[in-house]
Amino acid sequence: MAYLEFNFTIVPLFPASEIVMAELGEIGFESFVETENGLLAYIKKTDYGGIGFDGLHILKNPDVQIAWTIKELEQQNWNAVWEKNFEPIKVGGECLVRAPFHPAQHTKYDIVIEPKMSFGTGHHETTYMMIQTLLGLDLKGKSVLDMGCGTGVLAILSEKKGAMHIDAIDIDRWCFLNSQENVERNHCRGIHIFEGDASLLGIKVYDVILANINRNILLDDIPKYSKCLHQKGTLVLSGFYEDDLSLISSRCETHGLTYHDHKVKNNWVAAVYRFS
């Protein structure tokens, strides 16, 4: 699957670049890399279509100058860049996320991930905070749902922490296949991977639900998560900015879920909710 890379030049850089990221995230852009003069923003070519930027409020600000160029990235090019630049990442001193070509280190949880075009190496703030949150949860014998599983890293960590049954779901075909590869690579046996979205959720109930997607999808799917979460269960949400925390929390409260706590990293949030 091809991605589009938008190279934005932004003057003045701050805080305009943060506003651009927030607004692009709301219309489907998946990831961002800050540069000296602005930022790089990535979106699947199929998702971009012809949405354009007419809805970006920042473009209407006369005090901000924004220009951009577009480049198409093919799968193999993305993977080559990743292999060239990817470094192992350790979270909480307990969890190492590394590529197959990196040597193992002495750590409690050693996860080998080859993301290819999938999202979820631990380098992005949201994945990092989701891993942090998982490290603090008791998963022994629990059932876990990983929505928007990407590389499968959260599902894999869940099994390594003792979860007995894990369902992992992603709407993207590449992520679905990549998660299967990574599950096998980490010798996991209790993870079941499905291609699709929250419409796949039926009457099954989980002790822990993980959803690292984006704000709009979370708002749509929180009602479904609440129906699939055990009354003593835990819902962990990420993929949105700190400014959206109150909106996400309000949606959860409407469906009986109470805010518990959250983490923040570079304006991204991972928040925990439980039934009252």
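**Reading the sheets, helices and cysteines**

Tutor: Let's start with two strands: β1 and β4 run antiparallel and are joined by 9 bridges. Keep in mind that this is a predicted model.

Student: What makes β1 and β4 a pair?

Tutor: Two strands pair if there are at least two bridges between them, and β1 and β4 have 9. One of the matches puts T9 opposite its bridge partner A67 in β4.

Student: How many bridges join β1 to β3?

Tutor: There are 7, and those strands also run antiparallel. Across from F8 you will find L39 in β3. L39 is also the bridge partner of E34, and β2 pairs with β3 in the antiparallel sense over 4 bridges.

Student: Which order do the strands take in that sheet?

Tutor: The order is β2-β3-β1-β4, an open sheet of 4 strands with antiparallel pairing. The twist averages 20 degrees from one strand to the next.

Student: Why do β2 and β4 stand at the edges?

Tutor: Each has a single partner strand, so β2 (31-34) and β4 (65-73) are both left with one side that has no neighbour in the sheet.

Student: What is the pairing in the sheet of 7 strands?

Tutor: That one is mixed, and the open sheet runs β10-β9-β8-β11-β12-β14-β13. Its edge strands, β10 (191-195) and β13 (257-265), pair on one side only. From one strand to the next, the twist averages 15 degrees. Within the sheet, β8 (residues 143-147) pairs with β9 (residues 165-170) in the parallel sense over 5 bridges, and D146 stands opposite A168 in β9.

Student: Which strands does helix α4 lie across?

Tutor: Helix α4 (residues 125-135) lies across β11, β12, β13 and β14, and its angle to β14 is about 35 degrees.

Student: Why are α7 and α8 called roughly parallel?

Tutor: Helices α7 (residues 215-228) and α8 (residues 245-254) pack at about 10 degrees, with axes 9 Å apart. Angles under 35 degrees count as roughly parallel, so α7 and α8 earn that description. On the α7 side the contact is made by R215, L218, L219, D220, I222 and P223, and on the α8 side by L247, I248, R251 and C252. Those residues divide into 7 nonpolar, no polar and 3 charged.

Student: How do you know that C95 has no disulfide with C188?

Tutor: A disulfide needs sulfur atoms within 2.5 Å. C188 holds the cysteine sulfur closest to that of C95, yet the separation is 12 Å, too far for a bond. A search of the whole structure finds 0 disulfides.

Student: What about the sulfur of C175?

Tutor: Its closest cysteine sulfur is in C149, at 6.8 Å, and that is also too far for a bond.

Student: Are C95 and C175 buried or exposed?

Tutor: Buried means under 20% relative accessible area. C95 has 0%, so C95 is buried. C175 has 6%, so C175 is buried as well.

Student: Why does T107 count as buried?

Tutor: The cut-off is under 20%, and T107 has 17% relative accessibility, so T107 counts as buried. T107 lies in the loop between β6 (95-98) and β7 (109-112). Leaving aside residues up to four places away in sequence, T107 touches K90, G93, E94, C95 and L96.

How values were computed:
Residues numbered from 1 in each chain as written. Predicted model: local features only at pLDDT ≥ 70, side-chain atom pairs only at ≥ 80, totals over all residues. Heavy atoms only, no water. Buried < 20%, exposed > 50% of the residue type's maximum accessible area, 1.4 Å probe, protein only. Contact = heavy atoms within 4.5 Å. Axes fitted to C-alpha atoms, helices over the stretch in contact; angles between N-to-C directions. Parallel < 35°, antiparallel > 145°, perpendicular 65-115°, else oblique. Nonpolar A, V, L, I, M, F, W, Y, C, P; charged D, E, K, R; others polar.
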